[in-house]
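Got the viewer open? Let's take a short walk through a few side chains and one helix.

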Amino acid sequence: MKRAKISVIGSGNIGATTAYLCALKGLGDVVLLDIIEGIPEGKGLDIFESLPVEGIDCRVAGTNSYADTEGSDVVVITAGVARKPGMSRDDLIHINKTIITDITGQVMTYSPDCILIVVTNPLDVMVTLAHRLSGLPGHKVIGMAGVLDSARFRCFIADELGVSVESVSALVLGGHGDTMVPMVRLANVGGIPLETLISAERLEAIVRRTRDGGAEIVNYLKTGSAYYAPASSIVEMVEAIVKDRKKVLPCAAYLQGEYGVKDLFIGVPVKLGAGGVEEIYEISLNKKEKEAFTKTVEQVRALVKKV
Ligand code: APR
């Protein structure tokens, strides 16, 4: 069977970690691309040379040329500027808009049938932009944010209760920013509703920490933003696609009437498989959740208008 071809645009913290994890999991041949000469080549070769030790047979190569990404099945865009302490993701909008515009055109020239995963922040705006510029159908363009936000939520819940992370099922809806909607009501631990296990006060603190999860890391790192958990989240999505696993994951998906929202990318649960977003699941929200969801939609719409 032919190996999948995965191209990762941007060989910085998230891009290089994503390429490494894709290779370690043997998901396919990986091309790592960056605008800076030498960095993708060096990192790509270094990853490639780790594979005999890991016992993995796939090719990894770094490049500055989009021609090397030709015929990719999945393209992950991580290129762009990351935020520094005191910045919101939205502060990156203008600089990253220029970068995404340049990259999307080049990617589409060589991989017109790819599935595009966008990671660059502000996520919901950049994925919308990439969709419009790519000409790809909505189900082939996906933003990575919900898997990461939900991973943070699950991590804090598991830590609070001292249980395995695998026992915690929880999801975060909405935009990748301060208005995201961690779905406390639906979270469960081994099937037991979370709200019966943790006090309302502690739950509120966990929700707050989830919303501020990105900033918490930025404040420690000072020179950049999170990359291990983002890369793991991207790779879960890539794996679902290249192995056609039909995983149900929260992703920024193109809504065309679902949740009463039209022509907007926003985080909702989707079925991810070889076709990209194969189904969008509509959860019925209670009044409070609806209000929070409406707020996040309005915030994303306002940001999209800026580009
Ligand atoms: N084409 C290709 N690569 C580019 C371009 C471009 N036009 N512009 C910038 N890059 C590359 C940079 O050279 C750098 O190697 O993107 C890489 C970004 O890497 P980091 O600065 O380490 O940022 P990272 O932590 O990987 O985050 C990337 O993802 O989560 C978001 O907010 C984050 O927008 C940021 C992006």
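Buried here means under 20% relative accessible area. By that cut-off tyrosine 259 counts as buried, at 13% relative accessibility. Keep in mind as you click around that this is a predicted model.

**Stop one: aromatic pairs.** The structure holds 3 aromatic pairs. Select tyrosine 254 and phenylalanine 265: their ring centres are 5.2 Å apart and the planes sit at 35°, so this pair is tilted. Tyrosine 254 is in strand S12 (residues 247-256) and phenylalanine 265 in strand S13 (residues 262-273), so the pair ties together parts 11 residues apart in sequence. Check the burial too: tyrosine 254 has a relative accessible area of 16% and is buried, and phenylalanine 265 is buried at 1%.

Now go back to tyrosine 259 and add phenylalanine 293. Their ring centres lie 5.1 Å apart with planes at 35°, so this pair is tilted. It links distant parts of the chain, 34 residues apart: tyrosine 259 is in the loop between S12 and S13, phenylalanine 293 in helix H9 (residues 287-306). Phenylalanine 293 is buried, with a relative accessible area of 4%.

**Stop two: helix H3.** Select residues 93-110, which make up H3. Which residues of H3 are buried? Colour Ile93, Asn96, Ile100, Ile103, Thr104, Val107 and Met108. They cover an arc of only 125° around the axis, which puts them on the same side of H3. Spin to the other side and you'll find His94, Thr98 and Thr109 exposed.

Last, show what covers the buried residues of H3: strands S1, S4 and S5 are among the elements there, along with helices H4 and H9.

Methods:
Residues numbered from 1 in each chain as written. Predicted model: local features only at pLDDT ≥ 70, side-chain atom pairs only at ≥ 80, totals over all residues. Heavy atoms only, no water. Phe/Tyr/Trp six-rings, centres within 6.5 Å; stacked < 30°, edge-to-face > 60°. Helix = DSSP H or I, 4+ residues; strand = E, 2+ residues; numbered from the N terminus. Buried < 20%, exposed > 50% of the residue type's maximum accessible area, 1.4 Å probe, protein only. Expected span 1.5 Å × (residues − 1). Arc of directions from axis to C-beta. Contact = heavy atoms within 4.5 Å.
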